[in-house]
Amino acid sequence: MTNAGGGGWTADAAAGGGTPGRTVTLTDLLRVPLHRIRVLAGAAVLGLLAALGYVLLVPSAVTADAVVAVRPVVTDAFTPSGASADRAVNMNVERGIATGTEVVRRLVDATGRDQRDVQDALELEVPTGGQILRFRFTANSLQEAVAGVNLAAAAYLDVRRTMYEQQRADILRSYDETISEVQAQQAALQRRIASAREGEADAAVAELSGVNSQLVQLGSARTEIAAVDVNPGWVTREAEPDLVSTGADWLFPLLAGLLGGALLGVVLAYGWESVDRRIRSVDDGRDATGLTLLGTARGPKPRSSPQAVDADIRYVAMAIAGRTREPTRIVLLTTRGDQSAMSAGLAVALAGTGREVYLADDTGRLGGLRSEVLASVARLPATAHFARPVAPQPRQGRRTAPVDEVTEPIAVRRPSPRPNAAPRPNAAPPNAAPRPNAAPHPTVLPSQATVHRATGTGHGAATNRPASDDPDGTISLPRIASTTPSSGKSAVAAPADAVVVGAGTIRFGTWGQRAASGLVLFNAPPTEADERGVAAARQGVAVVVVEQDQTRQSELRRLAERLRAAGVVPLGFVLTHRGRG
């Protein structure tokens with residue numbers, strides 16, 4: 001059995017180093033999430049469901065706004081505040097008062113919520129360079145949010161007014177005390193003037209005049225303080241239920257859940273890929289095995305026709321046929337998957353070029369193989385049925401026929417020394433009809449017998465009689481029995497269980513019943529559970545079938561190591577897409 005040189009192991013693969021590293025592109029980075037699309041989609045769906053559950057189960061947060069205009073406390077409300085109105089009121093102090101304890105306590109008493117929750121729900125915005133306070137309150141319901149923010153604005157104004165009124169009352173009380181003291185001093189001076197002498201009355205009258213003037217000033221100042229407007233401001237925009245929009249609050253949580261789940265899915269996809277590495281491309285197959293690519297076969301996807309898939313397998317068969325010579329034994333190896341479809345397709349492609357293919361299987365898959373073969377034959381185009389092999393068969397060496405292959409003698413008439421002699425008695429004329437029961441002379445084929453002219457001393461005479469005794473006599477030479485006619489086709493009819501494919505046939509059986517000649521295609525069991533495929537590859541050639549997205553890189557490397565240890569040099573590997581082989 002002679003085979004052409006296989007693909008062999010590369011130098012780096014034989015040393016266990018694999019092929020040189022290649023540049024990782026953006027496509028390579030996107031390939032992992034795309035191949036783990038189920039994990040990505042599952043994580044995204046879980047994130048979306050979590051967000052949906054949060055929206056449905058957790059009460060939605062509603063935020064309402066109210067605006068308060070702060071004004072300074074002045075005696076004349078109609079006097080303009082000037083260009084720097086924001087400096088008339090310290091807005092930082094007003095912000096602290098608006099979010100202070102008194103306002104929060106009133107909200108707690110009104111809503112019944114915890115004080116910490118109220119502080120977290122109440123927000124205050126102060127625009128730069130203005131006298132505006134924007135209150136914002138968040139609650140679980142619309143009514144609660146509106147009531148809370150309006151209450152916060154009113155509470156601030158009430159607290160601020162109370163503070164101003166208390167300050168005014170304290171100032172007025174101070175003025176009243178001072179005025180009382182001055183009035184008491186005035187009364188004492190008046191009594192002293194009434195009882196004073198002439199020389200002392202002038203001095204007392206002058207002192208009384210000063211006291212009266214001071215009393216007038218105090219009264220005027222008290223009047224101004226009493227006239228101060230202590231209103232700290234007013235609510236310019238109250239919160240109303242019609243002005244609060246809550247329609248789009250559920251959209252943000254759903255989008256956040258979906259994007260968060262997708263991001264988690266990408267992380268899980270890369271993590272899973274780092275643990276469970278699979279063959280994704282031709283480069284991965286080369287890196288794992290160090291073998292030559294024989295071809296790729298597309299899977300039966302909805303958009304790919306079966307004819308295109310069969311065409312891919314025919315190209316693979318062309319590559320295998322170019323590397324082997326008949327008779328040969330081809331073993332299809334895989335790690336875990338079932339390559340029955342690939343085996344059947346290769347058998348049909350090889351038999352369609354005029355070969356006798358013996359398809360072997362030892363795991364009870366012959367029925368499925370026959371069904372696959374019949375389906376492939378039905379799809380085989382008419383142009384694929386050749387009458388003879390496309391590639392010329394290698395020239396067979398001349399062999400000597402054994403003794404047991406002699407079946408009948410071949411009568412060869414010697415040339416007559418007298419070609420113009422009269423016909424012998426009882427001889428039939430040349431154009432006479434043949435006699436009944438007369439056996440015709442068999443035809444002598446140049447490739448089946450060789451005639452030697454007998455001489456007196458020559459070797460290899462065909463008979464023991466001298467040539468001069470019977471010039472027209474015949475000699476008997478042995479005919480070599482042959483089961484193959486000159487056309488290359490078997491003279492024996494194909495077995496009943498064989499499938500005729502164009503000019504070739506496909507027979508089925510086990511590896512132990514294989515034929516000694518011709519092309520044997522062994523559909524080997526998975527190598528991870530059975531070693532018969534590797535053992536059979538030692539008697540022929542091996543073709544490694546790699547299924548994209550299914551074959552693990554660790555298992556493929558282990559198969560390559562086993563083949564290398566067993567002394568098997570495969571022809572190469574075939575990459576099949578998902579759903580094929």
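Arg222 sits partway between hidden and open: with a relative accessibility of 28%, Arg222 counts as partly exposed, because that value falls between the 20% mark for buried and the 50% mark for exposed. This is a reading from a predicted model, and the same goes for everything that follows. Arg222 belongs to helix H8, which spans residues 198–226. Leaving aside residues up to four places away in sequence, Arg222 touches Leu172, Tyr175, Asp176 and Ile179. Tyr175 shows how the fold brings parts of the chain together: Arg222 and Tyr175 are 47 residues apart in sequence, yet their C-alpha atoms are 6.1 Å apart in space.

Helix H7 comes next. Running from residue 142 to residue 195, helix H7 lies across strands S1, S2, S3 and S4, at about 20° to S1. Those four strands make up an open sheet, in the order S2-S3-S1-S4 and with antiparallel pairing. At the edges are strand S2 (122–125) and strand S4 (233–237), each of which pairs on one side only. The sheet isn't flat-on from strand to strand, either: neighbouring strands are turned by 30° against each other on average, direction ignored.

Strand S1 (residues 62–70) has partners on both sides. Eight bridges join S1 to strand S3 (residues 132–139), and the two run antiparallel. Along this pairing, Asp65 stands opposite Arg136 in S3, while Val67 faces Arg134 of S3. Towards S4, four bridges do the joining, again with the strands running antiparallel. Here Ala69 is set opposite Trp234 in S4. As for cover, S1 is mostly tucked away, with seven of its nine residues buried.

How does the picture look for the chain in general? It has 581 residues, of which 35% count as buried. There are 15 helices and 14 strands in the chain. Contacts reaching along the sequence are plentiful: among those between residues at least 6 apart, 82% join residues at least 24 apart.

Further along, strand S11 (residues 504–509) offers another mostly covered stretch, as five of its six residues are buried. S11 pairs in the parallel sense with strand S7 (residues 356–360), over five bridges. In that pairing, Ala360 stands opposite Gly509 in S11. Strand S10 (residues 499–501) also pairs with S11, but this time the strands run antiparallel and three bridges hold the pairing. Val499 is the residue opposite Ile506 of S11. S10 and S11 form a hairpin with two residues between the strands, and in this hairpin Gly502 takes a positive phi near 60°. S11 is thus a strand with both kinds of pairing, parallel to S7 and antiparallel to S10.

The inside of the model isn't completely filled. The structure holds three cavities of 30 Å³ or more, and the largest cavity has a volume of about 70 Å³. The lining of the largest cavity consists of Asp310, Ile313, Arg314, Gly345, Val348, Ala349, Ser376 and Leu380. Sorted by class, that comes to four nonpolar, two polar and two charged residues. Two helices, H11 (306–323) and H12 (340–351), each supply at least two residues of this lining.

Finally, there is Val568, found in the loop between helix H15 (553–565) and strand S14 (572–576). Loop or not, Val568 is well shielded: at 3% relative accessibility, Val568 counts as buried, because the cut-off for buried is under 20%. Val568 and Ala536 are 32 residues apart along the chain, and their C-alpha atoms are separated by 9.8 Å. Set beside Arg222, which counts as partly exposed at 28%, Val568 counts as buried at 3%.

Definitions and conventions
Residues are numbered from 1 along each chain as its sequence is written. This is a predicted model: local features need pLDDT of at least 70, side-chain atom pairs count only at pLDDT 80 or more; totals for chains, interfaces and linings use all residues. Side-chain values use heavy atoms; hydrogens and water are left out. Two strands pair if DSSP finds at least two bridges between them. Axes are lines fitted to C-alpha atoms, for helices over the stretch in contact, and angles run from 0 to 180 degrees between N-to-C directions. Contact means heavy atoms within 4.5 Å. Buried means under 20% relative accessible area, exposed over 50%, partly exposed in between (1.4 Å probe, protein chains only). On a 1 Å grid over the protein atoms alone, a cavity is a set of points where a 1.4 Å probe fits but cannot get out, and a pocket is an open set with protein on both sides within 12 Å along at least five of seven lines; lining residues have an atom within 4 Å of a point. Grid points are joined across faces, edges and corners, and a volume is the space filled by probe spheres set on the points. Ala, Val, Leu, Ile, Met, Phe, Trp, Tyr, Cys and Pro count as nonpolar, Asp, Glu, Lys and Arg as charged, and the others, Gly among them, as polar.
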